[in-house]
Amino acid sequence: MEFPHYFHLFGLRLHPHPTMEVIAYAAGFQLCRLTRRRWPRAALPFEQNIWLIVAAAAGALLGSKLLAWAEAGPSLWHSWQDPRMWIGGKTIVGGLLGGWAGVELGKRAMHIDHSTGDAFVFPLILGMAIGRIGCFLTGLADNTCGLPTHLPWGIDFGDGLSRHPAQLYDILFLGLLAAGVAIHVRRTRRRDLPPNGRLFRLFLLAYLAYRFSVEFLKPRYNPYLRLSAIQLACLAGAALTLVSLLKRQLSSKADPVVAATVDR
Amino acid sequence: MPCREEQILTEQNPESLNYAGPSVGRPPLPLKVRRRRLIYGFCTGIGLTVLAVLIGVVAGNGKPGLGAVLLILLLVPGCKLLAALVLAFIRDWRSFGGGLALSSLLIFLIFLGTCAGFAR
């Protein structure tokens, strides 16, 4: 198998990364339409919903670029005159945290005070897993391959070294996470608990913890206390999520009805 | 001459003030129309970008220069986002503006570099 593994469609040679991303967004959107019907509290007026998605996309774009620039470190500053350095690169962790921030700011601006994130957990998992197929098929240029390894499942991405297929680990983890989330949803449904953003936070916490760990298997620039920018963002994001979860837990003990409506 | 009490009884009641809320405005457009406008906005956004890319490719004889690429990357989405922001304040065109903004952001998200590319 050659990397990058191009797709050939109607005589066109398509790069796997943007192709899989288009499929990921389309599939995530379709799943989102299905799941939102099951989360009646997530229902919002049409325009508000659209602008909330715009806020999420803007936050995701900003977050993913900012973290990619921080991850690039001195290589970015050394060749700052080359626009390709500024254009290239994005990270899922930055996208998730930026998207979350964007939604919270959008909700504040539109005076929406109930949780909207739970309905997006499954679409996010699906989109991320499909996107990671694109990362895998892109190979070395994507910078998501792991360190060299002697393990039997190591893959040669074209540089003659057998490497950890970190993108496939991501897909495997996301599959397990989806199963865990599905079990959690079934239990909460049985207890008839209203969605209150806990599911989204649990998903985010699990993914950030996983990404923090798996980054040790990747070649990385780690000047910050021997950690990379992505790992620092994972720690900060996990701390924020934990505080938010604890707040929610405490308010649910005080008043379960209020807890279901409190989002911030 | 009528006494004071009779005068009060025969006086007409002063006009009562209308405390009702502001007059009810035009109802919003049907959901179907708003959905259609969102799709139109989204398609317009994609179309504008495709047009800009084609012009860039033709102008650069198949290989657009870096300046042209940057112009496409900054000018076209910038104009689209500005237009979307203005449309967000016009009630009937909010969904069209949303579609325009979404197209811009999604194109950026999908085509702006691979994961952490150029890093390290």
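Okay, so where the two chains meet, chain A puts in 36 residues and chain B puts in 27. Keep in mind that this is a predicted model.

Let's stay on chain A's side for a minute. Which elements give two or more residues to the side that touches chain B? Those are α1, α2 (46-72), α4 (83-87) and α6 (121-138) of chain A. The largest share comes from α2(A), with 13 residues. And if you sort that side of chain A by class, you get 21 nonpolar, eight polar and seven charged residues.

Now, one helix pair across the chains. Helix α1 of chain A, residues 16-38, packs with helix α4 of chain B, residues 94-111. Their axes are 9 Å apart, and the angle is about 135 degrees. Angles over 145 degrees would count as roughly antiparallel and 65 to 115 as roughly perpendicular, so α1(A) and α4(B) come out as oblique to each other.

Who's actually touching? From α1(A) we have A:Pro18, A:Glu21, A:Val22 and A:Tyr25, and from α4(B) we have B:Leu106, B:Ile110 and B:Phe111. That contact splits into six nonpolar residues, one charged and no polar ones.

Last stop, helix α8 of chain A, residues 198-214. It has 17 residues, and at 1.5 Å a residue it should span 24 Å; the end C-alpha atoms are indeed 24 Å apart, so the two agree. Which residues of α8(A) are buried? At the start of the helix there's A:Arg198, A:Leu199, A:Phe200 and A:Arg201, then A:Phe203 and A:Leu204, then A:Tyr207 and A:Leu208, and finally A:Arg211 and A:Phe212. As a reminder, an α-helix has 3.6 residues a turn, so residues three or four places apart point the same way.

Key:
Residues are numbered from 1 along each chain as its sequence is written. Chains are lettered from A and ligands numbered from 1 in the order in which they are written. This is a predicted model: local features need pLDDT of at least 70, side-chain atom pairs count only at pLDDT 80 or more; totals for chains, interfaces and linings use all residues. Axes are lines fitted to C-alpha atoms, for helices over the stretch in contact, and angles run from 0 to 180 degrees between N-to-C directions. Helices (H or I, at least four residues) and strands (E, at least two) are DSSP runs, numbered from the N terminus. Angles under 35 degrees count as roughly parallel, over 145 as roughly antiparallel, 65 to 115 as roughly perpendicular and the rest as oblique. Two residues are in contact if their C-beta atoms, placed from the backbone, lie within 7 Å. Ala, Val, Leu, Ile, Met, Phe, Trp, Tyr, Cys and Pro count as nonpolar, Asp, Glu, Lys and Arg as charged, and the others, Gly among them, as polar. The expected span of a helix is 1.5 Å times one less than its number of residues. A residue is buried if 20 or more other C-beta atoms lie within 10 Å of its own, exposed if 12 or fewer, and partly exposed in between; C-beta atoms are placed from the backbone.
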